[in-house]
Structure formats: structure tokens, C-alpha cells
Amino acid sequence: LDKKIVVATLSNTSGVWSKILGLNNRLGNYAIDPESVDFPLKKETKPGNEILDKYLGTYQMDNGETAQIIRKRDNIYFSNNNNPLKMYAESMDHFFFRSLYYGDAEIQFETDGNGSITSFVIDDVGKKAFYQKKENQKSIAWSLYNQIFENGVDKGLKWYKKHQSQRDYQIDKSEMKSVAYDLLESNQTNA
């Protein structure tokens with residue numbers, strides 16, 4: 001670089017730092033090379049839970065690596081290695097991340113002729129990862145989490161007992177632990 005430019009951003013975000021990460025990256029890129037930045041910050045749409053639920057399930061790459069799309073309240077997350085990353089909807093089949101790891105990565109969902117989700121592609125600035133929907137099973141842990149937030153602990157537990165052995169759900173102990181920690185942190189453990 002022949003220009004001596006420093007871009008420093010300071011904020012008091014208190015846990016919402018990921019929302020300004022995209023802005024920080026774009027400001028830095030613009031300061032270094034203004035011609036390279038020809039697109040605005042992405043705007044998020046907010047699909048309802050009924051729409052978000054159609055994306056839920058387990059997906060698999062050709063190498064056997066799996067990931068899940070889960071829902072926590074009114075948002076969906078990409079989760080592999082039990083590390084959920086929030087996804088933001090740009091349109092009904094196109095999502096993006098705001099994270100350090102994935103930065104400007106985007107997710108494009110594919111559907112069949114009936115409108116059912118069959119796969120998705122993560123495009124991380126030209127590096128693509130293809131995931132095929134393995135099964136329609138949802139995470140019972142995160143479904144329970146949503147039930148507790150929407151209906152309370154007692155109704156959530158009744159829902160769990162009714163659904164725990166159904167084939168529509170899969171049980172993962174590490175996810176159950178994550179849900180328990182999330183519920184404890186959010187004070188949703190009182191009946």
C-alpha cells in the first residue's frame with residue numbers, strides 16, 4: 001500500500017458486536033481501496049417462524065461432515081460442532097452471516113419442484129461448500145427451547161415427553177446441554 005490509512009472503530013456494543021462487524025469490514029475495505037467496494041451493507045428481512053421452520057434439519061457434505069439448521073426463537077442458525085451461527089435472511093432462499101469466522105459468507109438454499117428444501121451452498125467469497133439435506137429430522141433440543149420460550153417450562157416439558165420418541169426429531173446430548181445453558185442464562189427455567 002502506498003497510502004498510510006488507519007481505520008479504527010470503537011463501540012460500546014455489549015454483546016451485539018457481530019451486528020457492526022460487517023460495517024467494520026466494509027469501512028476498512030473502502031479506506032484501502034474505494035473502487036473495490038461497489039455494494040451496500042446487506043439488509044435483513046424477517047420471515048415468520050413457519051417459513052423459517054422449513055429450513056430446519058440435518059445437512060451433509062460429500063465428505064460426511066454434517067451441519068444442522070436450527071431455530072432459536074425467531075432466528076435460524078447454522079450449527080456444526082454445536083457452535084450455532086446466526087443467519088440473516090436477505091430473501092426467502094438467500095441468507096448471510098455476520099461473524100468473524102464466516103465474514104461475508106452467504107447461504108443459498110435450493111428447493112425441489114414441491115418447494116421443499118433439498119440443499120444449500122455456503123459461498124465464502126468464492127470458496128463454496130455444498131450441503132445436501134440428509135433428513136427432515138429437527139433438533140428436539142432446540143425445538144424444546146422454542147416451546148419453553150413460547151409456552152413456558154411446564155408446557156415445554158409436556159411437549160417434550162410427547163415428542164421425544166417421534167421420528168421427526170433427533171436427540172443430541174451436546175445440544176441438550178447447550179439448550180440448558182441458554183435457558184439458564186435467559187432466566188427461562190422458572191415454571
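This is a predicted model; the chain averages a pLDDT of 81, and 74% of the residues score at least 70.

**Exercise 1. Confidence and composition**

Task: State which element of the chain has the lowest mean pLDDT and which the highest, and how many helices and strands there are.

Solution. Start with the count: the chain contains five helices and ten strands. Next, take the mean pLDDT by element. Helix α1, residues 17-32, has the lowest value, 63. Strand β6, residues 106-111, has the highest, 93.

**Exercise 2. The chain as a whole**

Task: Find what share of the residues is buried, and what share of the exposed area carbon and sulfur atoms supply.

Solution. The chain has 191 residues, and 39% of them are buried. About 12200 Å² is exposed, with 48% of that area coming from carbon and sulfur atoms. A further step concerns contacts between residues at least 6 apart in sequence: 46% of these join residues at least 24 apart.

**Exercise 3. The nonpolar cores**

Task: Identify the residues with the most contacts inside the largest nonpolar core, and the strands that each supply at least two of its residues.

Solution. The largest nonpolar core has 22 residues. Those with the most contacts inside it are I69, F78, M87, F95, F109, F120 and Y131. At least two residues of this core come from each of β2, β3, β4, β5, β6, β7 and β8. Another core, of 15 residues, lies apart from it and includes I140, A141, F149 and Y160.

Now take Y131 in more detail. Leaving aside neighbours within four places in sequence, its contacts include F78 and F120. Among the others are Y59, M61, T66 and I122.

**Exercise 4. Helix α3**

Task: Compare the expected span of α3 with the distance between its end C-alpha atoms, then decide whether the helix is largely enclosed or largely open.

Solution. First, the span. Helix α3 covers residues 140-151, which is twelve residues. The expected span takes 1.5 Å times one less than the number of residues. This gives 16 Å for α3, and its end C-alpha atoms are 16 Å apart, so the two agree.

Second, the surroundings. Ten of the twelve residues are buried, so α3 is largely enclosed by the rest of the structure. The buried ones include W142, L144, Y145 and I148. The buried residues of α3 pack against β2, β9, α4, β10 and α5.

Third, the ends. At the start of α3, a side-chain oxygen of S139 comes to within 3.4 Å of the backbone nitrogen of A141. After α3 comes G152, with a positive phi near 95 degrees.

**Exercise 5. Three residues, three classes**

Task: Classify Q68, Q166 and N81 as buried, partly exposed or exposed.

Solution. The cut-offs are under 20% relative accessible area for buried and over 50% for exposed, with partly exposed in between.

- Q68 is in strand β2. Its relative accessibility is 7%, so Q68 counts as buried. The side chain of Q68 makes a polar contact with the side chain of T58, at 3.3 Å. Beyond four places in sequence, Q68 also touches other residues, including Y77, S139 and E175.
- Q166 is found in the loop between α4 and β10. Its relative accessibility is 30%, so Q166 counts as partly exposed. Q137 is 29 residues away along the chain, and the C-alpha atoms of the two are separated by 9.5 Å.
- N81 sits in the loop between β3 and β4. Its relative accessibility is 76%, so N81 counts as exposed. N81 and T66 are 15 residues apart in sequence, with 8.8 Å from C-alpha to C-alpha.

Notes
Residues are numbered from 1 along each chain as its sequence is written. This is a predicted model: local features need pLDDT of at least 70, side-chain atom pairs count only at pLDDT 80 or more; totals for chains, interfaces and linings use all residues. Side-chain values use heavy atoms; hydrogens and water are left out. Helices (H or I, at least four residues) and strands (E, at least two) are DSSP runs, numbered from the N terminus. Buried means under 20% relative accessible area, exposed over 50%, partly exposed in between (1.4 Å probe, protein chains only). Contact means heavy atoms within 4.5 Å. Accessible areas come from the Shrake-Rupley method with a 1.4 Å probe; for residues, only the protein chains shown count as cover. pLDDT is the predictor's confidence in each residue, from 0 to 100. A nonpolar core is a set of buried Ala, Val, Leu, Ile, Met, Phe, Trp, Tyr and Cys residues joined through side-chain atoms within 4.5 Å. A polar contact is a pair of N or O atoms within 3.5 Å; within protein, one must be able to donate a hydrogen and the other to accept it, and residues adjacent in sequence count only if both atoms are side-chain atoms.
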